[in-house]
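Thank you all for coming; I would like to spend a few minutes on one structure, going slowly for anyone who has not seen it before. Please have a look at it first, and then I will go through the parts I would point to.

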Amino acid sequence: MPFPAERPRRLRATPTLRRMVRETTLSPNDFIYPLFITEGEKVRKPVSSMPEVFQLSIDEAVKELAEVVDLGIPAIDLFGVPKEKDLHGVHAVDDNGLIQRCIRAMKDKYPDLVVMTDVCLCEWLSHGHCGLVQGEQILNDPTLDVLSHMAVSHAKAGADIVSPSDMMDGRVGAIRAALDSAGFTNTPIMAYSAKFASAFYGPFREAAEGAPQFGDRTTYQMDPANAREALKEVLQDLAEAADIVMVKPALPYLDIIRQVRDAVNVPVAAYNVSGEYAMLWAAARNGWIDLDRAMMEVLTGIKRAGADLMLTYFAKRASRLLRIQP
Ligand code: PBG
């Protein structure tokens with residue numbers, strides 16, 4: 001009788017054995033938790049398409065940090081949901097603006113927490129595009145000035161890392177130069193380097209109230225079909241001195257995450273975006289999948305693909321679970 005000598009099942013026999021030979025493990029250190037900040041006080045407004053996600057006023061967001069810090073999550077990323085929008089992004093660059101006040105309140109209470117900020121104009125411009133517009137054109141170079149001011153203003157307020165998500169050409173270099181000349185030579189940039197024009201941003205646009213009012217983002221975000229171009233974008237951002245590069249979304253782009261991880265020597269982040277979050281929740285609420293198991297499998301997959309850091313709305317839920325089952 002020909003018995004197999006090779007029996008991979010030997011090392012799968014018990015939970016302890018499986019734990020010993022596990023190649024990829026998740027930790028709260030892997031997570032960056034996105035927060036949506038809105039005006040007012042005591043505001044905690046649920047986002048209907050994203051269960052357990054809220055628009056929070058600054059006071060509520062600061063309260064939220066107690067659990068984030070307690071769970072060992074090292075960083076949050078702030079997205080603004082301002083009341084007032086205009087054609088120039090005036091409120092985005094205001095040293096006393098919503099995000100700037102939020103950063104100060106957070107750093108005041110939690111100086112060790114890494115406060116990252118989204119540097120992009122879609123939430124601050126009345127038409128919802130990520131750059132200044134002329135007619136239906138999204139202007140590249142004039143946008144760089146505003147983004148640079150925004151990043152410096154965040155750094156002045158105490159932001160630990162700034163994170164441009166706009167996809168204008170040359171923004172990493174422009175922001176780096178602006179930070180340096182303002183004296184913030186040590187403020188890192190996490191660049192959304194390969195950000196694809198994705199249908200999976202749908203729920204975020206409800207959460208951040210930043211859907212474009214005309215056209216779409218295909219003239220600045222990347223074509224989902226392009227992998228070589230993703231590497232080009234990553235290398236260009238590194239040439240402009242990005243400190244961390246990001247691939248976004250995560251799940252339909254695991255191959256890109258792996259290629260980027262193999263190509264560069266900086267930390268690689270991946271954004272497990274709103275649609276990826278909503279889709280798991282929707283299936284779970286229908287009784288079609290087990291949410292916690294699917295969540296851990298997805299996050300493990302993103303890490304196994306090569307992400308060192310993950311932006312995920314599951315950060316708290318996954319960290320709570322890791323506390324019980326490390
Ligand atoms: C916009 C921005 C988007 C996301 C992060 N920053 C949406 C977009 O480009 O339309 C998406 C995040 C998510 O879907 O979770 N600068």
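Let me start with the ligand, where a polar side-chain atom of Lys 195 lies 2.8 Å from one of the ligand's oxygen atoms. I should say early on that what we are looking at is a predicted model, and the distances I quote are to be taken in that sense. How far is an oxygen atom of the ligand from an N or O atom in the side chain of Gln 221? That distance is 2.7 Å, and on the side of Ser 165, an N or O atom of the side chain is 2.9 Å from a nitrogen atom of the ligand. The ligand, taken alone, exposes 400 Å², and the protein buries 100% of that area.

If we step back to the surroundings, 16 residues surround the ligand, and the closest are Arg 205, Gln 221, Lys 248, Ser 274 and Tyr 313. The shell that these residues form divides into nine nonpolar, three polar and four charged, and the space that the ligand takes up is the largest cavity.

Let me turn now to the cysteines, where the count of disulfides comes to zero. Why is Cys 102 without a bonded partner? The closest cysteine sulfur to its own is that of Cys 122, and because the two are 17 Å apart, they are too far from each other for a bond. Cys 102 also counts as buried, at 0% relative accessibility.

For Cys 122, the nearest cysteine sulfur belongs to Cys 120 and is 3.9 Å away, and Cys 122 is in no disulfide; a disulfide here would need the two sulfur atoms within 2.5 Å. Cys 122 is buried as well, with a relative accessible area of 5%.

Technical notes: Residues are numbered from 1 along each chain as its sequence is written. This is a predicted model: local features need pLDDT of at least 70, side-chain atom pairs count only at pLDDT 80 or more; totals for chains, interfaces and linings use all residues. Side-chain values use heavy atoms; hydrogens and water are left out. A residue is near a molecule or strand if one of its heavy atoms lies within 4 Å of it. A polar contact is a pair of N or O atoms within 3.5 Å; within protein, one must be able to donate a hydrogen and the other to accept it, and residues adjacent in sequence count only if both atoms are side-chain atoms. Accessible areas come from the Shrake-Rupley method with a 1.4 Å probe; for residues, only the protein chains shown count as cover. On a 1 Å grid over the protein atoms alone, a cavity is a set of points where a 1.4 Å probe fits but cannot get out, and a pocket is an open set with protein on both sides within 12 Å along at least five of seven lines; lining residues have an atom within 4 Å of a point. A molecule sits in a cavity or pocket if more than half of its atoms lie within 2 Å of its grid points. Ala, Val, Leu, Ile, Met, Phe, Trp, Tyr, Cys and Pro count as nonpolar, Asp, Glu, Lys and Arg as charged, and the others, Gly among them, as polar. Buried means under 20% relative accessible area, exposed over 50%, partly exposed in between (1.4 Å probe, protein chains only).
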